[in-house]
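The following exchange asks how certain labels are justified by computed values. Each answer sets a value against its cut-off.

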Amino acid sequence: MASSAMELSLLNPAAMRHRAARPSSAGLPLARRSAVRFRASASAAAAAAPPKPSGPKKRGKTEIQETLLTPRFYTTDFDEMERLFNAEINKQLNQAEFDALLQEFKTDYNQTHFVRNPEFKAAADKMDGPLRQIFVEFLERSCTAEFSGFLLYKELGRRLKKTNPVVAEIFSLMSRDEARHAGFLNKGLSDFNLALDLGFLTKARKYTFFKPKFIFYATYLSEKIGYWRYITIFRHLKANPEYQVYPIFKYFENWCQDENRHGDFFSALLKAQPQFLNDWKAKLWSRFFCLSVYVTMYLNDCQRTTFYEGIGLDTKEFDMHVIIENVHISADQPHNSEDLPCCFGCREP
Ligand SMILES: [Fe+2]
Ligand SMILES: [Fe+2]
């Protein structure tokens, strides 16, 4: 997943509920529980504007201030997932397509891509004031969103092993990618003398429950949106190198291909579950998710215009471009019914 991925915090349909997840901080040393909170908004971040850290010591972040728009961790009904991917129950599963996707994931195109260099620290040291603050927030939020994908995919890989080993292995390989993305972003935070304590957050943070159907909608959209966000920023900075203020963006061209492959996998999953695409209820839900995801992304980004302006982008234009491109590719996804319109399956408005 990517920076805006799985930030569907505005969604609250009746079928979703929050579960208190594994609050197990009791056994941890007190020092690890001391909170260093996320800033809630860009303006708050700018207003806080603490001085640059002077020493090499990193501050370990162990708590995130939850707001409506904070990237979340997700869980689902794994028993239903097992039923959905049982080839004896679901005859729509195209095992040959999943085999082909698995080979692609095994190729691991980005195995050697995420290698840092001294440019990172030097660029971070040059940043100060509101831009430095908003950059830190960008790294934190992106790391949390990528890590959210890692957790969900890792668990799905584990739970589906017996029912559908091929699908399970793809989930495991996607969790490999997301761990790599989250780790790279967390190393970026080290340039600012910070680090997210991801192990602690895994145990201590609340998880939001989505039914499998909603997981499919949300992750498909998040992965494809992630692709468009990364490639748009990459192309913009390639054309306007004077705004290349931090080298992480140079990695976005290959990085976004990971997100694109993840999205393609969810497209294949949706195709294997036509009941999630073809009836009127599914169409309403998918439209609701499209709208919610785009609105959430827009509200998030409007709070952070300092960041987008800092890399030479107009926030509104950037979001409109991402949304329009995403609507186009979503409409091109396979569709099993010709007579019913669907956000994921046809070109009807
Ligand atoms: Fe990712
Ligand atoms: Fe992804």
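Q: Why does Leu196 count as buried?
A: This is a predicted model. The relative accessibility of Leu196 is 6%, and buried means under 20% relative accessible area; therefore Leu196 counts as buried.

Q: Where is the place of Leu196, and how far apart in space are Leu196 and Glu140?
A: Leu196 lies in strand S4, which covers residues 194-196. From C-alpha to C-alpha, Leu196 and Glu140 are 7.3 Å apart, with their positions 56 residues apart in sequence.

Q: What makes Leu299 partly exposed?
A: Leu299 has a relative accessible area of 38%. Buried requires a value under 20% and exposed a value over 50%, with partly exposed in between; Leu299, at 38%, is therefore partly exposed.

Q: Which residues make the nonpolar surface patch of about 250 Å²?
A: Leu291, Val295 and Leu299 make this patch. Patch residues need over 30% relative accessible area, and Leu299 has 38%. Leu299 is placed in helix H11, residues 280-302.

Q: How many helices and strands does the protein chain have, and what percentage of its residues count as buried?
A: The chain comprises 13 helices and five strands. Of its 349 residues, 55% count as buried.

Q: What percentage of the contacts between residues at least 6 apart in sequence join residues at least 24 apart?
A: Among these contacts in the protein chain, the share is 86%.

Q: What area does the protein chain expose, and which atoms supply 55% of it?
A: The exposed area is about 15100 Å², of which carbon and sulfur atoms supply 55%.

Notes
Residues numbered from 1 in each chain as written. Chains lettered and ligands numbered in written order. Predicted model: local features only at pLDDT ≥ 70, side-chain atom pairs only at ≥ 80, totals over all residues. Heavy atoms only, no water. Helix = DSSP H or I, 4+ residues; strand = E, 2+ residues; numbered from the N terminus. Buried < 20%, exposed > 50% of the residue type's maximum accessible area, 1.4 Å probe, protein only. Contact = heavy atoms within 4.5 Å. Areas by Shrake-Rupley, 256 points an atom, 1.4 Å probe, with all protein chains shown as cover. Patch = residues over 30% accessible without salt bridge, like charges linked within 9 Å, V, L, I, M, F, W, Y side chains within 5 Å. Salt bridge = Lys/Arg side-chain N within 4 Å of Asp/Glu carboxyl O.
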